[in-house]
Every structure is written in structure tokens, then in C-alpha cells.
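Visitor: I'd like to go through some of the labels people put on a model like this. Could you show me the structure and back each label up?

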Amino acid sequence: MIYLKNKEIKLIYALSLLIAISQILIYVFQPIIPIFSVLILFLSYYILIKYNNLFIIIILILSARIINGFIVPNNIIFYKLTIFCTFYFPFLLYILINVKNLAFIKKRISSKFKFFFIFLFFLILSFIFNLPKSSDLLFKRIIPPIYFAIAILFYSDKIKNINLFHITIYFRLIFITSLITYLLPNYIETNNFLYKEGTIFGEANDIPFIDYFNLIRNQGIFFDGRILGIFVYIYFYILIQKKKNINLLEVCLLFAVSLSTVSRGGIIVFIFLLILFIYFRVNKNFKIGLIIISIITFIIIGFGNVSISLNNNLVDFTSTFDIFSNDNSKKNVLSQRQIFSDYALSAFEKKPILGEGVGNLTSKKADLNVEIDSGAGIVSYNVVTDAFIFSLLGEMGILGMILFLLAFSEIIIIKNNIFSYGMFVGVIIHLIGTDIPDIFMPYFVVLFLFSYVKLSNNNKLRYKSNY
């Protein structure tokens, strides 16, 4: 606990505790949440201004949903104002505080991300030429990578020197509290109420909290199981790359959170990283302990879901991982998105080089009519979703796809580092069935954290260490 002698770290710890406690109080005593939300906002800006702490921007973005809708509930104007205060203004304020840095472009660092800048230029051009249809994607698809480009160009040294302890304090607490709230008896009821009241998204929403397998999803601080799953494996990747010794209980915590999200893409990527970690980093005793605790965790979560659903839903869910199944009555994770991918590929065939333009498939203004068998009936979508790789092909063509892959490889891959190659493969696989670049400002955080690992890496592959 020597770190806690530092006042800045004490404040980071206090802020993370406030956020974690707020996450629990949402399900225990909701009337007090507005006070906590204001305190979180105030303390975040104080640390950002006082200590010029770049990681506070990340904390505000990831914690936005326990702030935005709770300070003044059911007020759309105040909701949008707080979105600006949590998502977009913190980085603008950071630029203002560090305005002198704008005179110095980090040429040596930025040259390592040349394909990212080329892709961003192509993305912006495609966005502009497809206005007004693409306009509603500005804050979702365009602003996050622009923010990231500015961060790389002018503040890469700040990214590189972020204190790993700040990262571990925050993520450990939000993952622990996600499991605590997940086990509360009123978890489903409270979340459904928050969605229908418009507290989370600023408007009434009937998004089902339980998916059609009737399995309980851990949504965490993001109120979105898929986003929680993404940051579980990204945090695990950071630990693998940055810490010499990783605690067995921490790995098991991440495994439990990943499983509880019921997010198949996130679970697959996490387990893929876990296999690499076990093979390259741990000794026999650690492996045995990890396997035993992992099995126990799986049984507890599985039993909890089965006991509530009282049917074969867990079996039906696990069968969707079998992509080679010939049983047409049980759709797998790929076939469930086949309508979206087929629709996008049809657009790609019309304009294979440059695509139909950003927004033609993923903007609500595209006004499509894609009908999907959700398992509980036919659902009509007005956008192509949960199939980013295919929608990218349809909107930006083969050129956009190549540039995107090159851009992401630059951000993630570290030369001669097996874990970075594994992470890149995992992310691309995940993008087949989800839309990471469509999660608004958390997309900026994804890019930011991957670049943090790359910029601060000593470029040495760590093999088995003494646990």
C-alpha cells in the first residue's frame, strides 16, 4: 500500500470507490445516487485539472452511465448536457490545459500509426460525401477516432506514462462490484425499470434485459454486457503485458465476470487470451489452481442461470458456439447474424472498391428493413448491426477493409510479442459478430488502452515466470 502515500493516487482510489459504491447503491438505495453522481463528476474534474491526469478522461467515459441519467432523472436536456460533460468535454479541457503541446507533433510516434491516419482520412471523406445520411454517426463513429488521433499526435508521451496502478484500481473495483450487483435479487427488476424509465439511454427503451436464452447478463457499470466483456479481455491483456506476476484470484475474477456477461464474442476472446497466458506465462501449480477455480466459477454461474431459467437454456446457449453444427434448428453465433452479413455483402458486391459510403448500412437514416428471427419471433431492424466486418465491407469496400485491418494491426501488434498477435486475432474475430467502433466514446477508450500497451511496452516477450 506504499502507493497510497501519494495524494493523487489516494484521490484516484477515492474516485474509484465512489463509482463502485454508486454502482451498488443503484440497486440498494437509488434516491441517493444523484449526490454520488455529482461528487464523481466534481472529483473527476478536480483531479483532471489539479494533476493534469489523462486517465481521468478514461474513467469519466467508462463511468458515464452511472452519472448521465441519475443527476436529474427523466430530463433529456440535462441528460445530453451530462453526456457532453462525461464523454466529450474532458478531453477538450485536457487539450486546453496542455495547449502548448499542440505546437509539437510527436512525429516519431505518429509515424508508427500511419495507416491509422490514412484510414481516418478515408473514413472522414466517406462520411462527408454521404451526408446527410451519415450525420447521426458523427459522435458514434467519427469523433472517437479523431480524439484518438489528437491524443497520438500530441500526447503520446502522456499515454505512455500512465500509471498502471491507476488502471488496476479502477478496473478491479468496477469488476468486483459488477459481480456483487449481478448476484443481488433485484438485479433484473432494477435494470428493466431503468431501461423503461429512460434513465440509462435518455429515453424509454424496451431492450430486453434477459436475452432470448433467458440467461441473466451481467451488464456492469456500462449497462451493456458486450461492452463489459470487451473491457474484461482488454484489462486482462494489459495485465499480461505490463505485470510480471498476476494474482490467481484476479484471473479468476476476470474469468467469472467474462462468463457472467453471456457475451459470446467477449468470452471467446478472453478464453483465447487465457490459453496463451497459461501456455506462455504460468507454471504447473498456478495452472492447476486456475483450472480448479475456473471450473468452480463456471459451475456456480451456470447453476445460478439454470436454477432461474429452469430449462435447457444454458445448453441451448452453449450450442451456439458450435459453428460447425448441421442442426438448422439450433442457430450458432455466426448463423444468427447471417442476415446482416448477407445484406452487407450484397452492398459490397455493388461497389466492391469504395463501398456505398459510411451510413448506408449502419445509420438510422438509411431506413433499412432487415428482418431477423430472434428466437422469440421476427424482429425488424432499420440498420445492419452486430456484424462490423461485413458492414465495413459494404460501406467502405475492400479498400476501407484493408486500411482498417492495417490500422488496427498498428495499434495492437508489438513486434515479436505473441500476446499482441493473439489480441489482434481475437479482436478481428470479435468484430465479425459485434460493433466495437459503434459504441460511442468507449471506442476511443479501446483504441487508447491498446495504444497505451504498445507505447509503454519494452518489446520483450515474457515466457513462463515464477508464480
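Visitor: Why is E410 called buried?

Guide: Bear in mind that this is a predicted model. The relative accessible area of E410 is 8%, and buried means under 20%, so E410 gets that label.

Visitor: What makes K114 partly exposed?

Guide: K114 has a relative accessible area of 47%. Partly exposed is the range between under 20% and over 50%, so K114 fits there.

Visitor: How do you know that E410 forms a salt bridge with K114?

Guide: Their closest N and O atoms are 4.0 Å apart, and the cut-off is within 4 Å, so the pair counts. E410 sits in helix α16 (residues 388-412) and K114 in helix α6 (residues 114-129), so this bridge ties together parts that are 296 residues apart in sequence.

Visitor: How many salt bridges does the structure hold?

Guide: It holds 6. Another one of them pairs R141 with E395, with the closest N and O atoms 3.7 Å apart. R141 lies in helix α7 (residues 138-160) and E395 in helix α16, so here the parts tied together are 254 residues apart.

Visitor: Are R141 and E395 buried or exposed?

Guide: Buried. R141 comes out at 3% relative accessibility and E395 at 1%, against a cut-off of under 20%.

Visitor: Which residues do salt bridges with shared partners join into one network?

Guide: R141, E395 and D438.

Visitor: What makes R226 and D386 a salt bridge?

Guide: The N to O distance is 2.7 Å, and the limit is within 4 Å, so they qualify. R226 is in helix α10 (residues 225-242), while D386 is in the loop between β2 (378-381) and α16, 160 residues apart. As for burial, R226 is partly exposed at 34% relative accessibility, whereas D386, at 17%, counts as buried.

Visitor: Why is α15 called roughly parallel to α16?

Guide: The axes of helix α15 (residues 338-350) and α16 cross at roughly 10°. Angles under 35 degrees count as roughly parallel, so that's the name the pair gets. The two axes also come within 7 Å.

Visitor: Which residues in α15 meet α16?

Guide: S341, A344, L345, A347 and F348 do, and on the α16 side their partners include F390, L393 and I398. The residues of this contact divide into 7 nonpolar, 4 polar and no charged.

Methods:
Residues are numbered from 1 along each chain as its sequence is written. This is a predicted model: local features need pLDDT of at least 70, side-chain atom pairs count only at pLDDT 80 or more; totals for chains, interfaces and linings use all residues. Side-chain values use heavy atoms; hydrogens and water are left out. A salt bridge is a side-chain nitrogen of Lys or Arg within 4 Å of a carboxyl oxygen of Asp or Glu. Helices (H or I, at least four residues) and strands (E, at least two) are DSSP runs, numbered from the N terminus. Buried means under 20% relative accessible area, exposed over 50%, partly exposed in between (1.4 Å probe, protein chains only). Axes are lines fitted to C-alpha atoms, for helices over the stretch in contact, and angles run from 0 to 180 degrees between N-to-C directions. Angles under 35 degrees count as roughly parallel, over 145 as roughly antiparallel, 65 to 115 as roughly perpendicular and the rest as oblique. Contact means heavy atoms within 4.5 Å. Ala, Val, Leu, Ile, Met, Phe, Trp, Tyr, Cys and Pro count as nonpolar, Asp, Glu, Lys and Arg as charged, and the others, Gly among them, as polar.
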